[in-house]
Amino acid sequence: MEWKYVENNEKPLAYATGDWDGKNSDQIIAEDEKGEIHVAYFCEGTMDGSTYEIWYDKHEYLINVPIVRWLTLPK
């Protein structure tokens, strides 16, 4: 497994749709700028003409600290 870095514009593929705005990625492992590890997912979309990219933890809480890198979960 290899870390992907957000600063290099490497973000998880957000493709899943449902009863929410935008698209979500599969669950991944993410590390924030404080070094804390999260099981998370990446969300992106457009709302009211503005695009957004946000990260949620596995409990669907917004991660308020910038994510710096991520890994796909092993299968």
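These are legends for a set of views of a predicted model.

**View 1. The whole chain, an all-strand layout.** We start with the overall picture: the protein has 7 strands and 0 helices, so reading along the sequence gives β-β-β-β-β-β-β. With a radius of gyration of 12 Å, close to the 11 Å from the globule rule for 75 residues, the protein is as compact as a globular protein of that length. Along the principal axes, the C-alpha atoms fill a box of roughly 35 × 25 × 25 Å. As for long-range contacts, take the pairs at least 6 apart in sequence: 45% of them join residues at least 24 apart.

**View 2. The largest nonpolar core.** Ten side chains make up this one: Val6, Ala14, Ile28, Ala30, Ala40, Phe42, Trp55, Ile63, Ile67 and Trp70. Strand 4 (28–32), strand 5 (37–47) and strand 7 (67–72) each give two or more residues to this core. For the protein as a whole, 31% of the 75 residues count as buried.

**View 3. Ile67 and its neighbours.** Here we zoom in on one member of the largest nonpolar core, Ile67. Leaving aside residues up to four places away in sequence, Ile67 touches Val6, Ala30, Glu31, Asp32, His38 and Trp55. Val6, Ala30 and Trp55 also belong to that core. The other contacts of Ile67 shown here are Glu31, Asp32 and His38.

**View 4. Asp48, a positive phi in a loop.** Look at the loop between strand 5 and strand 6 (50–57), and you'll find Asp48 there. Its backbone is the thing to notice: Asp48 has a positive phi of about 55°, although it is not a glycine. Asp48 is exposed, too, with a relative accessible area of 79%.

**View 5. Glu60, another non-glycine with a positive phi.** This time the loop is the one between strand 6 and strand 7, where Glu60 is found. Glu60 is not a glycine, yet its phi is positive, at about 70°. Is Glu60 buried or exposed? Glu60 is exposed, with a relative accessible area of 58%.

**View 6. Surface and charge.** Last, a look at the outside: the protein exposes about 5400 Å², and carbon and sulfur atoms supply 47% of that. On the charge side, there are 15 negative side chains and 7 positive ones. The centres of the two sets lie 5 Å apart.

Conventions
Residues numbered from 1 in each chain as written. Predicted model: local features only at pLDDT ≥ 70, side-chain atom pairs only at ≥ 80, totals over all residues. Heavy atoms only, no water. Core = buried A, V, L, I, M, F, W, Y, C linked by side-chain atoms within 4.5 Å. Buried < 20%, exposed > 50% of the residue type's maximum accessible area, 1.4 Å probe, protein only. Helix = DSSP H or I, 4+ residues; strand = E, 2+ residues; numbered from the N terminus. Contact = heavy atoms within 4.5 Å. Rg over C-alpha atoms; globule rule 2.2 N^0.38 Å. Areas by Shrake-Rupley, 256 points an atom, 1.4 Å probe, with all protein chains shown as cover. Lys, Arg positive; Asp, Glu negative; His and termini not counted. Charge placed at Lys NZ, Arg CZ, Asp CG, Glu CD.
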